[in-house]
Amino acid sequence: MNDQKKCLDCPQCRKPTAVVEVENTTRFRDVEITYAARVHCCTECGLELADIDEAGAMQERMADAYRQAVGLLTGAEIRELRQKKSLSQQALAGELQIGVASIKRWETGVIQSKAMNNLLRTLLEHRPCDEHTGHREFSIARIRLVLDAFEGELGRPLLKKDDRMLYAAKYLWYADMAAFRALGRSMTGATYAALPMGPQLNNYRDLVNAISQVDPSVASPLSGEERKLIAVVAKIFPRNKEVFDAAHRESIWQERATGAIIPFTDAEALTEMPKAKKQI
């Protein structure tokens, strides 16, 4: 449909309107934003009008302007990052353990929460497989798979409701570090930060619910060597307090500034866990 057919008559002075592009500034959720709008402008009195389709597009631009202003991914950015990862909307929804309708809404104007935005960035933004990821692609499902294996070895649950992963993260950290040291890459691709309560999954607050809810069967299975390493970690630290205290004695945690990432290249400096090849 061309602009001539879409032109409206002004309801005030009954004069014809012309379709124009304008830049509007307004407050949206207490944030001042500027966004582009395509409106019908009266050639006589200057009244601006928008039809239903244009009003919907305007709402989407306002939402994206707000998201840019507060540091959230826009709908187009979510779609582009998803496609770069070769993920369908359904596949991304499966990774996040949410309905596909949420992905569709976020990509067409509905604003995601900050916590969900952080999780989207963790899953979608390109992070090279380097010393911070242990040369492996990050996988929430694999984190759950490793924790399930630990639960089998330890004979008790590690993930609990409203858990801060104080103990589960330490078992994961030792397993990932031991795998990098013995096999050349981590088990999960997770990054770990030096926090006051010890080594912790980076952005763990945004990950914990997804880890609890994800289906571990979608992850690549653990190798025999990885399972042996998990068994070794569980044998060395059979109780939560032991793995918690041991992690706090590690110099590679003690010497990092609060919030700094602990690189996997530090794995050789672990003191509380003998080299895995001597244990297997």
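1. Buried, as used in this note, means under 20% relative accessible area. The model under review is a predicted one. With that cut-off, helix α9 (residues 204-213) has the following buried residues: Tyr-204, Asp-206, Leu-207, Val-208, Ala-210 and Ile-211. These buried residues of α9 pack against two helices, α6 (114-124) and α7 (140-154), and also against the strands β4 (192-195) and β5 (198-201).

2. On the overall architecture, the protein chain contains 13 helices and five strands. Of its 280 residues, 45% are buried. Among contacts in the protein chain with a separation of 6 or more, 67% are between residues 24 or more positions apart. The area that the protein chain exposes is about 14300 Å², and 48% of it is supplied by carbon and sulfur atoms.

3. The largest nonpolar core comprises 66 residues. Within this core, the residues with the most contacts are Phe-150, Met-165 and Tyr-174. Helix α8 gives the most to it, with 11 residues. Another core, of 12 residues, lies apart from this one and includes Phe-28, Ala-37, Ala-65 and Tyr-66.

4. Phe-150 merits a closer look as one of the residues with the most contacts in the largest core. Leaving out residues up to four places away in sequence, Phe-150 touches Gly-155, Leu-158, Tyr-171, Leu-172, Ala-175, Ile-230, Val-233 and Ala-234.

5. Met-165, also among the residues with the most contacts in the largest core, is located in the loop between α7 and α8. Its relative accessibility is 0%, and Met-165 therefore counts as buried. The backbone of Met-165 should be noted as well: phi is near 60°, a positive value in a residue other than glycine.

6. Tyr-174 takes part in the aromatic arrangement of the model, which holds seven aromatic pairs. Tyr-174 and Phe-237 form one such pair, with 4.8 Å from centre to centre and 35° between the planes, and this pair is tilted. The two residues are 63 residues apart and the pair links distant parts of the chain: Tyr-174 belongs to helix α8 (residues 168-183), whereas Phe-237 is in the loop between α10 (224-236) and α11 (240-249). Both Tyr-174 and Phe-237 are buried. Together with Trp-173, these two residues form one aromatic cluster.

7. Phe-180 is likewise placed in helix α8. Why is Phe-180 classed as buried? Its relative accessible area is 14%, and the class requires a value under 20%. Apart from neighbours within four places in sequence, Phe-180 is in contact with Gly-134, His-135, Arg-185, Ser-186, Phe-264, Thr-265 and Ala-267. Phe-180 and Glu-131 are 49 residues apart in sequence, and their C-alpha atoms are 9.5 Å apart in space.

8. Arg-29 lies in the loop between β1 (17-28) and β2 (31-42). With a relative accessibility of 52%, Arg-29 counts as exposed. The charged end of Arg-29 sits over the ring of Tyr-66, 5.5 Å from the ring centre. Tyr-66 is itself among the members of the 12-residue core. As for the backbone, Arg-29 has a positive phi of about 50°, although Arg-29 is not a glycine.

9. Helix α3 (residues 75-84) has Gly-75, Ile-78, Leu-81 and Arg-82 as its buried residues. These residues are on the same side of α3, because the arc that they cover around the axis is only 135°. Just after α3, Ser-86 adopts a positive phi of about 60°.

10. Ala-93 is part of helix α4 (residues 89-96). Is Ala-93 buried or exposed? Ala-93 counts as buried, because its relative accessibility is 0%. When neighbours within four places in sequence are set aside, the contacts of Ala-93 are with Ile-98, Gly-99, Val-100 and Ile-103. From Ala-93 to Ile-103 the separation is 10 residues in sequence and 6.6 Å in space, C-alpha to C-alpha.

Technical notes
Residues are numbered from 1 along each chain as its sequence is written. This is a predicted model: local features need pLDDT of at least 70, side-chain atom pairs count only at pLDDT 80 or more; totals for chains, interfaces and linings use all residues. Side-chain values use heavy atoms; hydrogens and water are left out. Rings of Phe, Tyr and Trp (its six-membered ring) pair if their centres lie within 6.5 Å; planes under 30 degrees apart count as stacked, over 60 as edge-to-face and the rest as tilted. Helices (H or I, at least four residues) and strands (E, at least two) are DSSP runs, numbered from the N terminus. Buried means under 20% relative accessible area, exposed over 50%, partly exposed in between (1.4 Å probe, protein chains only). A charge sits over a ring if NZ of Lys or CZ of Arg is within 6 Å of the ring centre and within 35 degrees of the ring normal. Contact means heavy atoms within 4.5 Å. A nonpolar core is a set of buried Ala, Val, Leu, Ile, Met, Phe, Trp, Tyr and Cys residues joined through side-chain atoms within 4.5 Å. The arc is that of the directions from the helix axis to the C-beta atoms. Accessible areas come from the Shrake-Rupley method with a 1.4 Å probe; for residues, only the protein chains shown count as cover.
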